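Here are a few notes to help you find your way around this model. Keep the structure open beside you and take the points in order.

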Amino acid sequence: MTEPAPRRTNRTKRPPTIHDVAAEAGVSRGTVSRVLQGGHNVSPAALESVNAAIRKLGYVVNRAARSLVTQRSGSVAFLLTEPQERFFEDPNFTTLLRGCTTALAEHDIPLILMTAGNEPERRRVTRYLAAGHVDGVLLVSSHSGNPMLEHLREAELPVVFCGKPLGQRGRIPYVAADDREGAKDMVRHLLDTGRRRVATIAGPQDTPGGVERLYGYREVLQEYGTPVDEGLIAVGDYSRAGGEAAMAELLERAPDLDAVFVASDLMATGALAALDRAGRSVPGDVAVGGFDDSPAALAARPPLTTIRQPWDRISEQMVRLLLARIAGEEPATVILPTELIVRDSA
């Protein structure tokens, strides 16, 4: 008699659980849970052991199950309060987004990109955020008077600003480069190289960078005993076209200017185009200094002398402060130093 063949089963290997990770790492289940929640109150050695166990076992967080327990979504929003086209035009936004994504990835937290540049977008974004789809918001490029912050307050969501919030009451956490000191470094550089008629193209005066960099420009002129000539000041909108229009305006008002400090690299590329069209050489006739040290600075012809913002550190600190706020810690602020980068334009 022939024996029947053994019956096959369709069993698949059980996916690793949080208990398996704890056993592999030699720590408690609670320690693993704290690591998955952001690593607060976990020793460096335990954090390293848990992360090594997660990689070895191939553990994947069940976000749906975790959110039921923690009442958290496990994700964060990167909210740009500008028109969508500005995101693709201005390289600073993509640089900041990449840095925040990388910093959050270390905590296994996904980042959701959202734009709210007009009222219909603000309404849609507010509904989404108020529904609990994210645990916090990284708010970028918020103009003073923008209603988005009030919507976020009503939704009781933790928020961290990129840049100093203007005209806001109460303690609001933010991370910013030292815009005023950076501007002062650039204007000093232009004056120290022998320029005497130094103009500026400021950013929008309802943004922190626009206000602080113009303050820095004025302060250095006073420091050097040079009267502030309002005819040497124009205001742009941080776009290339805005910089080009502002430079043309300055040349018409003050044709004898011999230097210009531009409050963003993107506007500075527009200023270079206007100077070229007017037959002015750079830096021979007019020295040009920018701000940001974005990819636009290196792509410019000639390459821009500029002020470097520490975008990697800004991203890291924004994420750190937001995770701390989500964990219930008090608001904090961080101001980071800038650096003068000298190239061929000044």
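1. Start with the sheet, bearing in mind that this is a predicted model. Six strands make up an open sheet, and their order across it is β2-β1-β3-β4-β5-β11. The pairing between these strands is parallel. As background, strands of a sheet pair through backbone hydrogen bonds, either parallel or antiparallel.

2. Now look at the two edges of that sheet, which are formed by β2 (111-115) and β11 (333-336). Each of these strands has a single partner, so one side of each is left without a neighbour in the sheet. On average, and with direction ignored, neighbouring strands of the sheet are turned by 15° against each other.

3. For one pairing in detail, try β3 (residues 137-140) and β4 (residues 159-162). These two strands run parallel and are joined by four bridges. If you would like a pair of residues to click on, Val-140 has Cys-162 as its bridge partner in β4.

4. Two helices are worth viewing against the sheet. Helix α6 (residues 91-105) lies across β1 (76-80), β2, β3 and β4, and its direction is at about 170° to β1. Helix α14 (residues 311-326) lies across β1, β3, β4, β5 (174-177) and β11, running at about 160° to β4.

5. Next come the charged pairs. Side chains of opposite charge can pair when their charged atoms come close. How many salt bridges does a search of the whole structure find? The search finds 19. Among the residues involved, Arg-180, Glu-181, Lys-184, Glu-212 and Glu-219 are linked in a network of salt bridges.

6. One pair to pick out is Lys-56 with Glu-24, whose side chains meet in a salt bridge at 3.0 Å, N to O. Lys-56 belongs to helix α3 (residues 44-57) and Glu-24 to helix α1 (residues 18-25), so the pair ties together parts that are 32 residues apart in sequence. Lys-56 is exposed, with a relative accessible area of 62%, while Glu-24 counts as partly exposed at 39%.

7. Another pair sits in loops. The side chains of Arg-197 and Asp-229 meet in a salt bridge at 3.2 Å, N to O. Arg-197 is in the loop between α9 (179-192) and β6 (198-202), and Asp-229 is in the loop between α10 (208-223) and β7 (233-235); the pair links distant parts of the chain, 32 residues apart. Arg-197 is partly exposed at 25% relative accessibility, and Asp-229 is partly exposed at 30%.

8. Finally, spend a moment on Asp-293, which lies in the loop between β9 (287-289) and α13 (295-299). Is this residue, Asp-293, buried or exposed? Its relative accessible area is 15%, so Asp-293 counts as buried, the cut-off being under 20%. Leaving aside residues up to four places away in sequence, Asp-293 touches Asp-265, Thr-306, Ile-307, Arg-308, Ile-341 and Arg-343.

9. One of those contacts deserves its own point: the side chains of Arg-308 and Asp-293 meet in a salt bridge at 2.6 Å, N to O. Arg-308 is in strand β10 (residues 306-308), and the pair links parts of the chain 15 residues apart. The C-alpha atoms of Asp-293 and Arg-308 are separated by 4.6 Å. Arg-308 counts as partly exposed, at 33% relative accessibility, whereas Asp-293 is buried.

Key:
Residues are numbered from 1 along each chain as its sequence is written. This is a predicted model: local features need pLDDT of at least 70, side-chain atom pairs count only at pLDDT 80 or more; totals for chains, interfaces and linings use all residues. Side-chain values use heavy atoms; hydrogens and water are left out. Buried means under 20% relative accessible area, exposed over 50%, partly exposed in between (1.4 Å probe, protein chains only). Contact means heavy atoms within 4.5 Å. A salt bridge is a side-chain nitrogen of Lys or Arg within 4 Å of a carboxyl oxygen of Asp or Glu. Two strands pair if DSSP finds at least two bridges between them. Axes are lines fitted to C-alpha atoms, for helices over the stretch in contact, and angles run from 0 to 180 degrees between N-to-C directions.
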